[in-house]
Amino acid sequence: MGNAAIRQAAMTFEAAARLDPDDAPGELDAGRWVPVTKNTWRHGEVAGNVYLLLRLYARQHPGWSVAVGDPGTKLGHDPDVLRGPDVAMVRADRRPQGRGADGWLEGAPDVAVEVVGDSQSASELAKKALEYLAAGAKLVWVLDPEPGRLMIFTPPNQIRVLGRGDALDGGDALPGFSCRVDELFE
């Protein structure tokens, strides 16, 4: 039997949970481990700005949980799909409590946020945004720091683009949320 005939088994959530996130950061894409490199300082600043604004919203609107730092989200099974948005927000009753694969969110976050970095392009993150929507997300933001652009994805597959100087609201997913797009990038 030649090498081409040998198929490697798809990686599962449980196998991915055994990997050291410092030694092997990445995501599962249809059962295939995809390495993800460390992000830049600027990327972290933008993700931190978003986290702060969403955390303030959650404090004013109890019942939300906000996570930062690529929290694991199980978007699909058999083959397993694991994503780690830069910032994620869910209703508190959906917040996972376990460790390892049990500590990852089942399904998409209510709100997922991705920040364009050195290793992932805006088009790659737009593809992920559509995956989040297909898995049940109510709102996905993809932020591109260099031009100061925000792409907003809402179900079923609506896309709106805002830039610096524009006003941002939370729509149906985050009623009462508002800020200037510039606040995301300051």
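# A six-strand sheet with a helix across it

Strands β9 (residues 139-144) and β10 (residues 149-154) run antiparallel and are joined by 5 bridges. Within this pairing, Leu-143 of β9 faces Leu-150, its opposite number in β10. Please keep in mind that this is a predicted model. With that said, the β9-β10 pair is a handy place to start a tour, and we can work outwards from there.

**The sheet**

What larger arrangement do β9 and β10 belong to? They are part of an open sheet of 6 strands in the order β3-β6-β8-β9-β10-β11, with mixed pairing. The edges are held by β3 (64-68) and β11 (158-163); each has a single partner strand, so one side of each is left without a neighbour in the sheet. From one strand to the next, the twist averages 15°.

Here are some of the strand pairs in this sheet:

| Strand pair | Direction | Bridges |
|---|---|---|
| β3 and β6 | antiparallel | 5 bridges |
| β6 and β8 | antiparallel | 3 bridges |
| β9 and β10 | antiparallel | 5 bridges |

You can follow a path across part of the sheet through individual residues. Val-68 stands opposite Val-87, which belongs to β6. Val-87 in turn has Val-113 as its bridge partner in β8. How many of the residues in β6 are buried? The count is 4 of 5, so to speak of β6 as mostly covered is fair.

**The helix and the cores**

Next comes helix α2, which covers residues 41-60 and lies across β3, β6 (87-91), β8 (111-115) and β9. Its direction is at about 170° to that of β3.

The largest nonpolar core contains 28 residues, and the members that touch the most others are Leu-54, Trp-141, Leu-168 and Leu-174. Two or more residues come from each of α2, β3, β6, β8, β9, β10 and α4 (181-185). Which of these elements gives the largest share? That is α2, with 7 residues. Apart from this core lies another one, of 15 residues, including Leu-125, Leu-133, Met-151 and Phe-153.

Trp-141 is a good residue to look at in detail. Leaving aside residues up to four places away in sequence, Trp-141 touches Val-50, Leu-54, Ala-112, Val-113, Glu-114, Leu-150, Met-151, Ile-152, Leu-168 and Phe-177. Some of these names have come up before: Val-113 is the β8 bridge partner of Val-87, and Leu-150 is the residue opposite Leu-143.

**Around strand β4**

Now to another part of the chain. Thr-73 sits in strand β4, which covers residues 73-76. Is Thr-73 buried or exposed? Its relative accessibility is 1%, and since buried means under 20%, Thr-73 counts as buried. Not counting residues up to four places away in sequence, Thr-73 is in contact with Val-81, Leu-82, Arg-83, Pro-85, Leu-105, Gly-107, Pro-109 and Tyr-132.

The loop between β4 and β5 (81-83) holds Pro-79, and Asp-78 is found in this loop as well. These two residues are joined by a cis peptide bond, with omega of about 5°. Asp-78 also has a positive phi, about 50°, although it is not a glycine. With a relative accessible area of 74%, Asp-78 is exposed.

**Other loops**

A cis peptide bond is also found between Pro-155 and Pro-156, where omega is about -5°. Pro-156 lies in the loop between β10 and β11.

Ala-30 is another residue with a positive phi that is not a glycine; the angle is about 55°. Look for Ala-30 in the loop between β1 (26-29) and β2 (32-35). Ala-30 is partly exposed, and its relative accessible area is 43%.

**The whole chain**

Finally, let us step back. The protein chain has 13 strands and 4 helices. Its radius of gyration is 17 Å, close to the 16 Å that the globule rule gives for 186 residues, so the chain is as compact as a globular protein of that length. Along the principal axes, the C-alpha trace spans about 60 × 35 × 30 Å.

Of the 186 residues, 43% are buried. The chain exposes about 10,100 Å², and 51% of this area is supplied by carbon and sulfur atoms. Among contacts between residues at least 6 apart in sequence, 53% join residues at least 24 apart.

Notes. Residues numbered from 1 in each chain as written. Predicted model: local features only at pLDDT ≥ 70, side-chain atom pairs only at ≥ 80, totals over all residues. Heavy atoms only, no water. Pairing = 2+ DSSP bridges. Axes fitted to C-alpha atoms, helices over the stretch in contact; angles between N-to-C directions. Contact = heavy atoms within 4.5 Å. Core = buried A, V, L, I, M, F, W, Y, C linked by side-chain atoms within 4.5 Å. Buried < 20%, exposed > 50% of the residue type's maximum accessible area, 1.4 Å probe, protein only. Rg over C-alpha atoms; globule rule 2.2 N^0.38 Å. Areas by Shrake-Rupley, 256 points an atom, 1.4 Å probe, with all protein chains shown as cover.
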